[in-house]
Amino acid sequence: MIKPAVVSAVFVLALTGSLGYYGVHQPAQQKLRELQDHVSLERETQALKESILGGVEESEQLRRRLPSRPETEWLLQAVGDIAQAEGIQLASIAPEDPKRLQDVARLSVSLRFLASYHQLGRFISALENSPNFLWIETMEVSRDQATGAAQVALTVSSMWVPPFSLS
(Lines give C-alpha, C1' and ligand atoms only; values in the text may rest on other atoms or scores of the structure.)
Protein backbone atom coordinates (compact mmCIF):
# COMPACT_ATOMS: atom_id res chain seq x y z
CA MET A 1 0.00 0.00 0.00
CA ILE A 2 1.17 3.48 -0.81
CA LYS A 3 1.97 5.56 2.16
CA PRO A 4 0.03 8.82 2.54
CA ALA A 5 3.31 10.75 2.71
CA VAL A 6 4.34 9.45 -0.71
CA VAL A 7 0.91 10.30 -2.14
CA SER A 8 1.12 13.75 -0.60
CA ALA A 9 4.65 14.22 -1.96
CA VAL A 10 3.59 13.12 -5.45
CA PHE A 11 0.54 15.38 -5.26
CA VAL A 12 2.65 18.34 -4.06
CA LEU A 13 5.26 17.61 -6.73
CA ALA A 14 2.56 17.40 -9.44
CA LEU A 15 0.91 20.58 -8.17
CA THR A 16 4.25 22.42 -8.01
CA GLY A 17 5.17 21.21 -11.49
CA SER A 18 1.80 22.20 -12.84
CA LEU A 19 1.96 25.62 -11.20
CA GLY A 20 5.53 26.07 -12.42
CA TYR A 21 4.65 25.07 -15.95
CA TYR A 22 1.38 27.00 -16.26
CA GLY A 23 2.21 29.84 -13.89
CA VAL A 24 5.85 30.53 -14.76
CA HIS A 25 7.10 28.66 -17.84
CA GLN A 26 4.17 29.27 -20.22
CA PRO A 27 3.86 33.01 -19.41
CA ALA A 28 7.62 33.36 -19.80
CA GLN A 29 7.48 31.57 -23.17
CA GLN A 30 4.57 33.76 -24.25
CA LYS A 31 6.51 36.88 -23.22
CA LEU A 32 9.57 35.56 -25.10
CA ARG A 33 7.49 35.02 -28.27
CA GLU A 34 6.06 38.55 -27.94
CA LEU A 35 9.57 39.98 -27.53
CA GLN A 36 10.81 38.00 -30.55
CA ASP A 37 7.87 39.27 -32.61
CA HIS A 38 8.58 42.82 -31.44
CA VAL A 39 12.29 42.50 -32.29
CA SER A 40 11.40 41.10 -35.72
CA LEU A 41 8.99 43.97 -36.35
CA GLU A 42 11.59 46.50 -35.23
CA ARG A 43 14.18 44.94 -37.57
CA GLU A 44 11.74 45.14 -40.49
CA THR A 45 10.95 48.75 -39.59
CA GLN A 46 14.66 49.59 -39.41
CA ALA A 47 15.31 47.90 -42.76
CA LEU A 48 12.42 49.86 -44.31
CA LYS A 49 13.76 53.13 -42.87
CA GLU A 50 17.23 52.37 -44.27
CA SER A 51 15.71 51.55 -47.66
CA ILE A 52 13.74 54.79 -47.68
CA LEU A 53 16.80 56.77 -46.59
CA GLY A 54 18.82 55.14 -49.37
CA GLY A 55 16.12 56.08 -51.88
CA VAL A 56 16.06 59.67 -50.63
CA GLU A 57 19.85 59.89 -50.83
CA GLU A 58 19.83 58.43 -54.35
CA SER A 59 17.10 60.90 -55.35
CA GLU A 60 19.17 63.77 -53.98
CA GLN A 61 22.24 62.57 -55.91
CA LEU A 62 20.16 62.50 -59.09
CA ARG A 63 18.61 65.88 -58.25
CA ARG A 64 22.10 67.42 -58.04
CA ARG A 65 22.58 66.42 -61.70
CA LEU A 66 19.52 68.49 -62.70
CA PRO A 67 19.30 72.27 -63.06
CA SER A 68 18.03 74.26 -60.10
CA ARG A 69 15.80 76.45 -62.30
CA PRO A 70 13.78 75.76 -65.47
CA GLU A 71 16.07 77.91 -67.61
CA THR A 72 18.36 76.93 -70.49
CA GLU A 73 21.28 79.27 -69.64
CA TRP A 74 23.04 76.62 -67.56
CA LEU A 75 22.58 74.07 -70.38
CA LEU A 76 24.10 76.48 -72.91
CA GLN A 77 27.06 76.95 -70.57
CA ALA A 78 27.48 73.23 -69.82
CA VAL A 79 27.33 72.15 -73.48
CA GLY A 80 29.59 75.03 -74.54
CA ASP A 81 32.17 74.08 -71.88
CA ILE A 82 32.16 70.44 -72.99
CA ALA A 83 32.52 71.45 -76.65
CA GLN A 84 35.45 73.72 -75.80
CA ALA A 85 37.12 70.99 -73.70
CA GLU A 86 36.83 68.56 -76.63
CA GLY A 87 38.18 71.05 -79.18
CA ILE A 88 34.85 71.48 -80.98
CA GLN A 89 34.39 74.82 -82.76
CA LEU A 90 30.66 75.50 -82.62
CA ALA A 91 29.21 77.18 -85.68
CA SER A 92 26.02 77.90 -83.72
CA ILE A 93 24.43 77.14 -80.39
CA ALA A 94 20.90 78.24 -79.56
CA PRO A 95 18.44 77.53 -76.77
CA GLU A 96 15.06 76.06 -77.59
CA ASP A 97 11.94 77.06 -75.72
CA PRO A 98 11.43 74.90 -72.62
CA LYS A 99 8.64 72.36 -73.04
CA ARG A 100 6.49 71.82 -69.96
CA LEU A 101 4.92 68.48 -69.14
CA GLN A 102 2.86 69.05 -66.00
CA ASP A 103 5.46 70.15 -63.40
CA VAL A 104 8.54 68.98 -65.36
CA ALA A 105 10.29 71.05 -68.02
CA ARG A 106 12.44 69.69 -70.86
CA LEU A 107 15.30 72.06 -71.63
CA SER A 108 17.14 71.84 -74.96
CA VAL A 109 19.85 73.53 -76.98
CA SER A 110 20.58 73.07 -80.67
CA LEU A 111 24.11 73.20 -82.00
CA ARG A 112 25.88 72.92 -85.32
CA PHE A 113 29.55 72.27 -85.90
CA LEU A 114 32.19 70.58 -88.04
CA ALA A 115 34.43 67.98 -86.43
CA SER A 116 36.47 64.92 -87.21
CA TYR A 117 34.69 61.68 -86.50
CA HIS A 118 37.04 61.08 -83.55
CA GLN A 119 36.25 64.51 -82.11
CA LEU A 120 32.54 63.81 -82.55
CA GLY A 121 32.89 60.49 -80.69
CA ARG A 122 34.80 62.13 -77.82
CA PHE A 123 32.24 64.96 -77.65
CA ILE A 124 29.30 62.54 -77.49
CA SER A 125 31.11 60.53 -74.81
CA ALA A 126 31.80 63.68 -72.79
CA LEU A 127 28.13 64.70 -73.02
CA GLU A 128 26.95 61.27 -71.92
CA ASN A 129 29.46 61.16 -69.03
CA SER A 130 28.81 64.70 -67.88
CA PRO A 131 28.07 65.21 -64.18
CA ASN A 132 24.91 66.95 -65.41
CA PHE A 133 21.97 64.85 -66.58
CA LEU A 134 22.14 65.36 -70.37
CA TRP A 135 21.03 63.35 -73.34
CA ILE A 136 21.27 63.71 -77.09
CA GLU A 137 17.75 64.08 -78.35
CA THR A 138 18.44 64.40 -82.09
CA MET A 139 21.55 64.12 -84.18
CA GLU A 140 22.12 64.51 -87.91
CA VAL A 141 25.55 63.79 -89.33
CA SER A 142 26.64 64.33 -92.91
CA ARG A 143 30.00 64.67 -94.63
CA ASP A 144 31.17 68.19 -95.39
CA GLN A 145 32.11 68.14 -99.08
CA ALA A 146 34.82 70.76 -98.73
CA THR A 147 36.74 69.32 -95.75
CA GLY A 148 35.53 65.73 -95.45
CA ALA A 149 34.76 66.36 -91.77
CA ALA A 150 31.51 65.44 -90.08
CA GLN A 151 28.91 68.17 -90.35
CA VAL A 152 26.78 67.77 -87.22
CA ALA A 153 23.41 69.14 -86.11
CA LEU A 154 22.69 68.10 -82.55
CA THR A 155 19.99 68.73 -79.95
CA VAL A 156 21.10 68.21 -76.36
CA SER A 157 18.45 68.08 -73.66
CA SER A 158 18.03 67.91 -69.92
CA MET A 159 15.10 68.31 -67.61
CA TRP A 160 14.08 70.42 -64.67
CA VAL A 161 12.05 68.84 -61.89
CA PRO A 162 10.61 71.00 -59.12
CA PRO A 163 11.89 70.34 -55.60
CA PHE A 164 10.07 67.55 -53.79
CA SER A 165 7.93 68.65 -50.89
CA LEU A 166 6.36 66.49 -48.20
CA SER A 167 3.62 69.02 -47.51
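How many of the protein's 167 residues count as buried, as a percentage? Keep that in mind while you look at the structure, which is a predicted model. The answer is 20%.

Let me start with the overall layout. You can find three helices and five strands here. If you follow the chain from the N terminus, the elements go α-α-β-β-β-α-β-β. Now think about contacts between residues at least 6 apart in sequence: 64% of them join residues at least 24 apart. As for the outside, the protein exposes about 12000 Å², and 58% of that comes from carbon and sulfur atoms.

Next, let's visit two residues. The first stop is Phe 11, which sits in helix H1, residues 4-64. Is Phe 11 buried or exposed? Phe 11 has a relative accessible area of 56%, so Phe 11 is exposed, as the cut-off for exposed is over 50%. Phe 11 also has company: together with Val 12, Leu 15 and Leu 19, Phe 11 makes a nonpolar surface patch of about 410 Å².

Our other stop is Ser 108, in strand S3, which covers residues 104-115. Here the relative accessible area is 1%, so Ser 108 is buried; buried means under 20%. What does Ser 108 touch, leaving aside residues up to four places away in sequence? The list includes Thr 72, Leu 75, Pro 95 and Glu 96, and also Glu 137, Thr 155, Val 156 and Ser 157. Take a good look at Ser 157, please: its side chain and that of Ser 108 are joined by a polar contact of 2.6 Å.

So, to recap: Phe 11 is exposed, and Ser 108 is buried. Thanks for listening!

Note on methods. Residues are numbered from 1 along each chain as its sequence is written. This is a predicted model: local features need pLDDT of at least 70, side-chain atom pairs count only at pLDDT 80 or more; totals for chains, interfaces and linings use all residues. Side-chain values use heavy atoms; hydrogens and water are left out. Patches are made of residues with over 30% relative accessible area and no salt bridge: like charges are joined within 9 Å, nonpolar side chains (Val, Leu, Ile, Met, Phe, Trp, Tyr) within 5 Å. Accessible areas come from the Shrake-Rupley method with a 1.4 Å probe; for residues, only the protein chains shown count as cover. A salt bridge is a side-chain nitrogen of Lys or Arg within 4 Å of a carboxyl oxygen of Asp or Glu. Helices (H or I, at least four residues) and strands (E, at least two) are DSSP runs, numbered from the N terminus. Buried means under 20% relative accessible area, exposed over 50%, partly exposed in between (1.4 Å probe, protein chains only). A polar contact is a pair of N or O atoms within 3.5 Å; within protein, one must be able to donate a hydrogen and the other to accept it, and residues adjacent in sequence count only if both atoms are side-chain atoms. Contact means heavy atoms within 4.5 Å.
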